[in-house]
Protein chains: 2
Amino acid sequence: MKWYKIDEVARETGLTKRTLRFYEEIGLIKPPERSEGKFRLYSEEDINQIHNVILAREVLGFSLQELQQFLALKETIRKHTESKDEIPPGQLTEIARSLEEQILMLEKKINRMQSFKNELNELLTHLHETIPTKEE
Amino acid sequence: MKWYKIDEVARETGLTKRTLRFYEEIGLIKPPERSEGKFRLYSEEDINQIHNVILAREVLGFSLQELQQFLALKETIRKHTESKDEIPPGQLTEIARSLEEQILMLEKKINRMQSFKNELNELLTHLHETIPTKEE
DNA sequence: ATAAACGTTGACGTTAACGTAAACTTTATT
DNA sequence: AATAAAGTTTACGTTAACGTCAACGTTTAT
């Protein structure tokens, strides 16, 4: 198994070393292994998880706190569907409801962005009409 | 013409009075009229502009600085298309390019959100399959 | 084995985007 | 006319999300 030190991970993910430590500190990413001394050693899976966090952060536009909640939700579901974890059906429906809520939120955002984009496109069209063409 | 004081505008827009003054201070919204004393008096158009700012902020997820740039761009275009302002064609194409860039950015974001949403939907489907139905 | 390079943990600094409180003025109400 | 209610500016406070620096320990390279 190959291990990566923090600087490699930083360059790979585009985060800074500080941010990696910070995200670990607030529980956004799980603490990686350590060398005999104290060096952080990240596995490929760790790095994948970090990429997921980054993706979710960029896409959702949440605060890190909200992001934590969301990732915790996903983790719960992942563990459950891998049957590593049994969840009482009452909580399960609650979790499903939570997830549906997030999806609806996303859909709303997407729709708003789409209509905003459409407006901008109209603006652009009008603008192009006012630009004189090269042919005379 | 009807004028609105800051508190009404705050309740109407959902911003706080502080935020209204702050946005004015940093030039995100234009300074409204004033009463003979010093009270801010907003017109309906002012309020509309504020709503636009809020929409752009929510949809674009920009910092207020970036938002300023963007709104300035839109203003330039608006003034131009209303022919209140003549712009040399060189700058015009530059402006158009800027706008196209923003649109592409939006499109990218939308696509990412869409595929993220799709993932969540799959997750939800799998989750529902593990929930026992009411019939036995 | 010793220096250079890299890592670690504090801890204080910074920036954006407001919140909050004070001291004062203007408008509305009785 | 006087008091309350709402507004004004000024200025300091706060929170999130890191940046930066110091003092020190660990690996790697020579």
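**Entry 1. Surface near DNA strand D**

I looked up which element gives the largest share of the surface near DNA strand D, and found α2(A), with 4 residues. I took a residue as near a strand if one of its heavy atoms lies within 4 Å of it. Helices are DSSP runs of H or I with at least four residues, strands are E runs of at least two, and both are numbered from the N terminus.

I note that this is a predicted model, in which local features need pLDDT of at least 70 and side-chain atom pairs count only at pLDDT 80 or more, while totals for chains, interfaces and linings use all residues. Residues are numbered from 1 along each chain as its sequence is written, chains are lettered from A and ligands numbered from 1 in the order in which they are written, and side-chain values use heavy atoms, without hydrogens and water.

I counted 23 residues around DNA strand D, the closest being Thr16(A), Tyr23(A), Gly37(A), Arg21(B) and Arg40(B). Of the strand D atoms that come within 4 Å of the protein, 75% belong to sugar and phosphate. At least two residues each come from α2 (17-25) and α4 (64-81) of chain A and from α1 (6-13) and α2 (17-25) of chain B. By class I recorded 6 nonpolar, 6 polar and 11 charged residues near strand D. Ala, Val, Leu, Ile, Met, Phe, Trp, Tyr, Cys and Pro count here as nonpolar, Asp, Glu, Lys and Arg as charged, and the others, Gly among them, as polar.

I then listed polar contacts, meaning pairs of N or O atoms within 3.5 Å; within protein, one atom must be able to donate a hydrogen and the other to accept it, and residues adjacent in sequence count only if both atoms are side-chain atoms. Arg21(B) places a polar side-chain atom 2.8 Å from a phosphate oxygen of strand D. For Asp7(B), a polar backbone atom is 3.1 Å from a phosphate oxygen of that strand. An N or O atom in the side chain of Arg34(B) is 3.2 Å from a phosphate oxygen of strand D.

**Entry 2. Surface near DNA strand C**

I repeated the search for DNA strand C and found 23 residues around it, with Arg21(A), Arg40(A), Thr16(B), Tyr23(B) and Ser35(B) coming nearest. Sugar or phosphate holds 76% of the strand C atoms within 4 Å of the protein, and bases hold the rest. Here α2(B) gives the most to the surface, with 4 residues. The classes near strand C are 6 nonpolar, 6 polar and 11 charged residues.

I recorded a phosphate oxygen of strand C at 2.9 Å from a polar side-chain atom of Ser35(B). The side chain of Arg34(A) has an N or O atom 3.0 Å from a phosphate oxygen of strand C.

**Entry 3. Annotation**

I checked the UniProt record, an unreviewed entry, which annotates residues 1-73 of chain A as "domain: HTH merR-type". In the model, the end C-alpha atoms of residues 1-73 of chain A lie 29 Å apart, and the span is 60% helix and 5% strand.

**Entry 4. Salt bridges**

I searched the whole structure and obtained 20 salt bridges over all chains, each a side-chain nitrogen of Lys or Arg within 4 Å of a carboxyl oxygen of Asp or Glu. For accessibility, buried means under 20% relative accessible area, exposed over 50% and partly exposed in between, with a 1.4 Å probe and protein chains only.

Glu107(A) and Lys117(B) form one salt bridge, at 3.2 Å from N to O. This pair joins two chains, because Glu107(A) lies in helix α5 of chain A and Lys117(B) in helix α5 (residues 89-130) of chain B. Glu107(A) is partly exposed at 31% relative accessibility, whereas Lys117(B) is buried at 9%.

Asp46(B) and Lys30(B) meet at 2.6 Å, N to O. Their salt bridge links distant parts of the chain, 16 residues apart: Asp46(B) is in helix α3 (residues 44-60) and Lys30(B) in the loop between α2 and β1 (33-34) of chain B. I noted Asp46(B) as buried at 5% relative accessible area and Lys30(B) as partly exposed at 46%.

I also found Glu24(A), Arg34(A) and Arg40(A) linked in a network of salt bridges.

How values were computed:
UniProt positions are given in the numbering used here, feature names are shortened, and annotations may be inferred rather than shown by experiment.
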